[in-house]
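Reader: I am new to reading protein models. Please show me one, and I will ask about it piece by piece.

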Amino acid sequence: MSFFKKATRKSVKLKLALTGPSGSGKTYSALKIAKGMGGRIAVLDTENGSASLYSHLFDFDVIEMNPPYLTEKYEKAIEAAVQEKYDVLVIDSLSHSWSMEGGLLEQKEQLDARGKGNSYTNWAMITKKHEAMKSAILHSPIHVIATMRSKQDYALIE
């Protein structure tokens, strides 16, 4: 009995992250890529409705997410996009799940403040939530494009 089988070419769904500082064109680029891929596009907008500013350029459906930015809410949105048979989901922005109101860093701070566990062991629960959200993205049967903010650094040089 063999554990191996003949390799065959399969269709693979894109998982793409676009990073850049605020105002660098992440949303526009994500929508342009999604349009080029074809099919129905859904956008999960955590940026106060800013994706809809491009509604005259691209055909897409949107759901706006408000705080708290819980990873569970992202997972439900991914599941809804799959159930509603979208071909591409643009998550604009995934950064909120980490660093904005209700995000994982704030949840970690709340755990630490309660005095249960310690600042090291409390990461276990946060890591578990982060991994579950990553798994939902990576194993979704649709294309997923996520935007993420990067910090902008300035240097003064003489």
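Author: Start with a surface feature: Met1, Phe3 and Phe4 form a nonpolar patch. Patch residues have over 30% relative accessible area and no salt bridge, with nonpolar side chains (Val, Leu, Ile, Met, Phe, Trp, Tyr) joined within 5 Å and like charges within 9 Å. Areas come from the Shrake-Rupley method with a 1.4 Å probe, and for residues only the protein chains shown count as cover. Together the three residues have an accessible area of about 580 Å².

Reader: What should I know about the model itself?
Author: This is a predicted model, so local features need pLDDT of at least 70 and side-chain atom pairs count only at pLDDT 80 or more, while totals for chains, interfaces and linings use all residues. Residues are numbered from 1 along each chain as its sequence is written, and side-chain values use heavy atoms, leaving out hydrogens and water.

Reader: Is Met1 buried or exposed?
Author: Met1 is in the segment before strand 1 (15-20). Helices (H or I, at least four residues) and strands (E, at least two) are DSSP runs, numbered from the N terminus. Buried means under 20% relative accessible area, exposed over 50%, and partly exposed in between (1.4 Å probe, protein chains only). Met1 has a relative accessible area of 96%, so Met1 is exposed.

Reader: Which element gives the largest share of the largest nonpolar core?
Author: A nonpolar core is a set of buried Ala, Val, Leu, Ile, Met, Phe, Trp, Tyr and Cys residues joined through side-chain atoms within 4.5 Å. The largest has 17 residues, and Leu44, Tyr74, Leu89, Ile91, Leu94 and Ile137 touch the most other members. Two or more residues come from each of strand 2 (41-45), helix 2 (71-83), strand 4 (88-92), helix 5 (123-138) and strand 5 (143-149). The largest share, 4 residues, comes from helix 2.

Reader: Which residues does Ile137 touch, leaving out those up to four places away in sequence?
Author: Contact means heavy atoms within 4.5 Å. With those sequence neighbours not counted, Ile137 touches Lys15, Ile78, Ile91, Leu94 and Val144.

Reader: How many residues are in the second, separate core?
Author: Its members include Ala30, Ala34, Ile41 and Phe60. The count for this core is 12 residues.

Reader: How far apart in space are Lys76 and Met133?
Author: Lys76 is found in helix 2. Lys76 counts as exposed, because its relative accessibility is 63%. In sequence, Lys76 and Met133 are 57 residues apart. From C-alpha to C-alpha, the distance is 9.7 Å.

Reader: Which residues does the cis peptide bond with omega of about 0 degrees join?
Author: Most residues other than glycine have a negative phi, and most peptide bonds are trans. Here, look in the loop between strand 3 (61-64) and helix 2, where Pro68 lies. The cis bond joins Pro67 and Pro68.

Reader: What is omega for the bond from Asp92 to Ser93?
Author: Ser93 lies in the loop between strand 4 and helix 3 (96-99). The bond from Asp92 to Ser93 is cis, with omega near 25 degrees.

Reader: What is the phi of Asn48?
Author: Asn48 sits in the loop between strand 2 and strand 3. Asn48 is exposed, because its relative accessible area is 76%. Asn48 is not a glycine, yet its phi is positive, at about 60 degrees.

Reader: Which residue in strand 3 forms a salt bridge with Arg40?
Author: A salt bridge is a side-chain nitrogen of Lys or Arg within 4 Å of a carboxyl oxygen of Asp or Glu. By this rule the count is 5 salt bridges. Arg40, in the loop between helix 1 (26-37) and strand 2, lies 21 residues from its partner. With closest N and O atoms 3.8 Å apart, that partner is Asp61.

Reader: Where is the partner of Lys129, namely Glu72?
Author: The side chains of Lys129 and Glu72 meet in a salt bridge, 3.8 Å from N to O. Lys129 is in helix 5, 57 residues from Glu72. Glu72 is in helix 2.

Reader: Is Lys108 buried or exposed?
Author: Lys108 forms a salt bridge with Asp112, and the closest N and O atoms are 2.5 Å apart. The two are separated by about one helical turn, because they are 4 residues apart in helix 4 (residues 104-114). Asp112 has 29% relative accessibility, so Asp112 counts as partly exposed. Lys108 has a relative accessible area of 7%, so Lys108 is buried.
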